[in-house]
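Student: I'd like to go through this one with you before I set anything up. Could you take me through it step by step?
Tutor: Gladly; please bring it up and ask whatever comes to mind.

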Amino acid sequence: MELLSHLLTYNFISAAMIIGIVIMLIENRKESPRGSEHISVIVVMLTIIVVNTELKEWFLMRVYDATMDYRGTTAMWFMYIRSTAEHILFPMIAYTLLLLIAPIKKKYITFLPELILIIAEAVNLFGPKYIFHYDKHLDFHDDLLFLLPYFVGMLYLLLLLRYSIIFLKEKQMSKGVAVVFIVFLTILECYLEAAYIVVDLMDEIVALDVIIYYFYLVAIYQSETKVKLRTSELELERSRRLIALSQIQPHFMYNSLTSIIYLCDKDSEKTKSALIDFSKYLRKNVDSLSRQGLVSIKEELEHTRVYLSLEKLRFDEDLNVEFDIKDDMFMLPVLTLQPMVENAVKHGINGSESGCGTVRVVTEENEQFHQITITDDGAGFDTDEIENLDASHVGIINVRKRLSDECGGKLIINSVPDKGTECIILIPKEKNNENSGN
């Protein structure tokens, strides 16, 4: 507790900044913006440095005896180890930041200065003292290569500055300015400490550098997410339009109009009813171009019935239709059911050898899903070829994507050649309740 109290008293700003960075990393853990791993590594190294500095200050204030000869003691080893760690970690932080910011291909070459420093510091720790040493009273003294850690750190800062200029030339203004500011703060701190204007603020400056760049990364991530979301929305809208337009197919229109013309001289009332259905069919498809969100299953069933009534004009007794509606209280994407029924008629029934058959539509529910099952006893096909089906197979991939994107639903297709096809649409209840309440 005494050590913690000392840390909060003398290194409060450093500790607060580190805690702040950790909170931001935890807050964004699900989104995980690019570079979060690098920031996490830097936070760990910065924490080691702050604790390292705090242990030194605590030792000097509470344990240190200026009259004692510390040669060969644990305290002497502690001071050497902490100084060595500090010399290694500050340039390592700059190197890690460089890896995060710059598009470096040969990372091992860039690491060479840090590797040389690590080796030199290790030799200095266990062998001849040519970087720094402590005397018997634990006073710190510079030796011949005392500038080596500063040169390595400055090299990485200069590389950061070089890349920031490249960013600015490439008109990556925000990234270039962020890097320039980081380099400026760090170099200014080095100068102020060398001139004895300020003392021991490097921890705070490095933490501030990390916060600045992490905020930049989060801002970029949010901007990219908005762009992706907008792109996804545009693709979804395009998907809606394509599926709607694909439903207004020339061959179906020609066949329907031909059947209606044929009815004109035979049954005026039936002709009138057919024209009303044809008008409803066209309006539904055109309206779907501007529809947002989900629609009720009742609306989809009504549109499907209108479609089937038009197909019955052509197929007459060759097309048998059955509905078994046990669940009609859920929502689904617009134009989900009718395209599957159209596939059953066009490719199942019409594609069979006899040219006749039954299409059955069943709705039911279980604990997890609202389920729609469309079956036909027509031609069937090999389900392994679904991804390679041509454009005449209306909207299987489109419907599957819209189900997934708009309500977390699934489209399952089971089929056996010459036996028939079963299409199962599953709408999650939990997701459907959320959408229904909006």
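Student: What is the strand order in the open sheet of five strands?
Tutor: The order is S4-S6-S7-S9-S8, and the pairing is mixed, where strands are DSSP runs of E of at least two residues and helices are runs of H or I of at least four, both numbered from the N terminus, and two strands pair if DSSP finds at least two bridges between them. At the edges are strand S4 (319–325) and S8, each of which pairs on one side only. From one strand to the next the twist averages 10 degrees, with axes being lines fitted to C-alpha atoms, for helices over the stretch in contact, and angles running from 0 to 180 degrees between N-to-C directions.

Student: Which helix packs on it?
Tutor: Helix H13 (residues 396–407) does, touching S8 and S9, and its direction makes about 150 degrees with that of S8; contact means heavy atoms within 4.5 Å.

Student: Before I go on, how far can I trust this?
Tutor: This is a predicted model, in which local features need pLDDT of at least 70 and side-chain atom pairs count only at pLDDT 80 or more, whereas totals for chains, interfaces and linings use all residues. Residues are numbered from 1 along each chain as its sequence is written, and side-chain values use heavy atoms, with hydrogens and water left out. The average pLDDT, the predictor's confidence in each residue from 0 to 100, is 81, and 85% of the residues score at least 70.

Student: Which elements have the lowest and the highest mean pLDDT?
Tutor: Helix H1 (residues 2–10) has the lowest, at 58, and strand S7 (residues 369–376) the highest, at 95. Where pLDDT is low, the predicted coordinates should not be read in detail.

Student: OK, back to S8. Which of its side chains are buried?
Tutor: Along strand S8 (residues 410–416), Leu411, Ile413 and Ser415 point to one face and are buried, while Lys410, Ile412, Asn414 and Val416 point to the other and are not. Buried means under 20% relative accessible area, exposed over 50%, and partly exposed in between, with a 1.4 Å probe and protein chains only. In a regular strand the side chains alternate between the two faces of the sheet.

Student: And how does S8 pair with S9?
Tutor: The two pair in the antiparallel sense over seven bridges, strand S9 covering residues 420–428, and Asn414 stands opposite Glu422. They form a hairpin with three residues between them, and Asp418 in the turn has a positive phi of about 70 degrees. On S7, the antiparallel pairing with S9 runs over eight bridges, with His370 opposite Ile427.

Student: Switching topic: is H12 mostly covered or open?
Tutor: Mostly covered, since 11 of its 13 residues are buried, among them Leu337, Met340 and Ile349. For residues 337–349 the expected span, 1.5 Å times one less than the number of residues, is 18 Å, and the end C-alpha atoms are 17 Å apart, which agrees.

Student: How many disulfides are there?
Tutor: Zero in the whole structure, a disulfide being a pair of cysteine sulfur atoms within 2.5 Å. Cys264 is partly exposed at a relative accessible area of 43%, and Cys423 counts as buried at 8%.

Student: Last one: what does Ser36 touch?
Tutor: Leaving aside neighbours within four places in sequence, Ser36 is in contact with Leu25 and Tyr214. Ser36 lies in helix H3 (residues 36–62), and its 9% relative accessibility is why it counts as buried.
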